Amino acid sequence: MSTASVPFRPGTVLADLLPASRTRDVVLVAGGAALMGLAAQLSVKVPGLVVPITGQTFAALLVGTALGARRGFLSLALYTLVGMAGVPWFAGGTAGAGGATFGYVLGMLLASTVVGALARRGADRSVLRTAGAMVAGSAIVYAVGVPYLALATGMSASAAVAAGMTPFLIGDALKAALAMGLLPAAWKLVGRRG
């Protein structure tokens, strides 16, 4: 499906299809933060890995593409600030800043913003463009999370890549494939209703 086949103006993200109001935006931002908190609880600690397997990356990228850059950033900022303030909704029910995996939270905040900006340019309306947005978002998460992991734990760069990125690439590919099916399908569905 091409972007041209969708009857919505350029610069529109899925959240923009809801009636515009400040209440809508507040609910969407809070809902995005809550989705992140829930996705973080889908956490599997794998022996030998410092970083748990969670649903957070998928949720962060989905929040960004569905809400757009501004609301995506605000959702992830709210999630981050509330977790730093002590609410135990980071991976595995943890809270606070400074842990070895906190860099991934910061990377997700940035990634959500970037994929939201890409979605405003239609990156969520076709399978291939969605794939590109998901790869870019995942790369941002790792670009921030892996160096932070290395600094926080004293690992070498190669050890941090081996512990904090390589084991997660297959799961990220599966999450990207899910997004590649969901997002363009959602646009197709609303295009038929519109």
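Trainee: Where does V46 lie, in a helix or in a loop?

Mentor: Good place to start. This is a predicted model, and in it V46 sits in the loop that joins α1 (22-41) to α2 (56-67).

Trainee: Is V46 buried, partly exposed or exposed?

Mentor: Start from the relative accessible area: under 20% is buried and over 50% is exposed. V46 has 26%, so this residue is partly exposed.

Trainee: And how far apart are V46 and P167, in sequence and in space?

Mentor: Compare the two separations. V46 and P167 are 121 residues apart along the chain, while their C-alpha atoms are 10.0 Å apart.

Trainee: Let me step back. How many helices and strands does the protein chain have?

Mentor: Count the elements, then read their order. The protein chain has 7 helices and 0 strands, so to speak a run of α-α-α-α-α-α-α from the N terminus on.Trainee: What does the radius of gyration say about the overall form?

Mentor: Set the value beside the one for a compact globule. For 194 residues that would be near 16 Å, and the protein chain has 17 Å, which agrees. Along the principal axes, the C-alpha trace spans about 50 × 35 × 20 Å.

Trainee: What percentage of the residues count as buried, and what does the surface consist of?

Mentor: Burial is counted residue by residue, and 43% of the 194 residues count as buried. The accessible surface is about 9100 Å², with 73% of that area belonging to carbon and sulfur atoms.

Trainee: How many positive and negative side chains are there?

Mentor: Look at both the numbers and the placement. There are 14 positive and 4 negative side chains, and the centres of the two sets are 3 Å apart.

Trainee: How much of the contact network joins residues 24 or more positions apart?

Mentor: Among contacts with a separation of 6 or more, residues 24 or more positions apart account for 71%.

Trainee: Could we follow some of those contacts? Which residues does T80 contact?

Mentor: First place the residue: T80 belongs to helix α3 (residues 69-84). With a relative accessibility of 4%, T80 counts as buried. Setting aside neighbours within four places in sequence, T80 is in contact with F90, F102, V105, L106 and L109.

Trainee: V105 is on that list. Where is V105 placed, and is it buried or exposed?

Mentor: V105 is in helix α4 (residues 102-120). Its relative accessible area is 6%, so V105 is buried. Beyond neighbours within four places in sequence, V105 contacts Q56, Y79, T80 and F90. For one of these, Y79, the C-alpha distance to V105 is 9.0 Å, with their positions 26 residues apart along the chain.

Trainee: What about a charged residue such as R24: buried or exposed?

Mentor: Judge R24 by the area, as before. R24 is in helix α1, and its relative accessible area of 13% makes this residue buried. Not counting residues up to four places away in sequence, R24 touches A15, D16, L18, P19 and R71.

Trainee: Which elements have the lowest and the highest mean pLDDT?

Mentor: Begin with the whole chain: the mean pLDDT is 90, and 94% of the residues reach 70 or more. By element, helix α7 (residues 169-193) has the lowest mean, 86, and α3 the highest, 97. Over residues 1-6 the pLDDT is below 50, although this stretch has 11 contacts in the model beyond near neighbours in sequence.

Trainee: How should a stretch with low pLDDT be read?

Mentor: Where pLDDT is low, the predicted coordinates should not be read in detail.

Definitions and conventions: Residues numbered from 1 in each chain as written. Predicted model: local features only at pLDDT ≥ 70, side-chain atom pairs only at ≥ 80, totals over all residues. Heavy atoms only, no water. Rg over C-alpha atoms; globule rule 2.2 N^0.38 Å. Buried < 20%, exposed > 50% of the residue type's maximum accessible area, 1.4 Å probe, protein only. Contact = heavy atoms within 4.5 Å. Areas by Shrake-Rupley, 256 points an atom, 1.4 Å probe, with all protein chains shown as cover. Lys, Arg positive; Asp, Glu negative; His and termini not counted. Charge placed at Lys NZ, Arg CZ, Asp CG, Glu CD. Helix = DSSP H or I, 4+ residues; strand = E, 2+ residues; numbered from the N terminus. pLDDT = per-residue confidence, 0-100.
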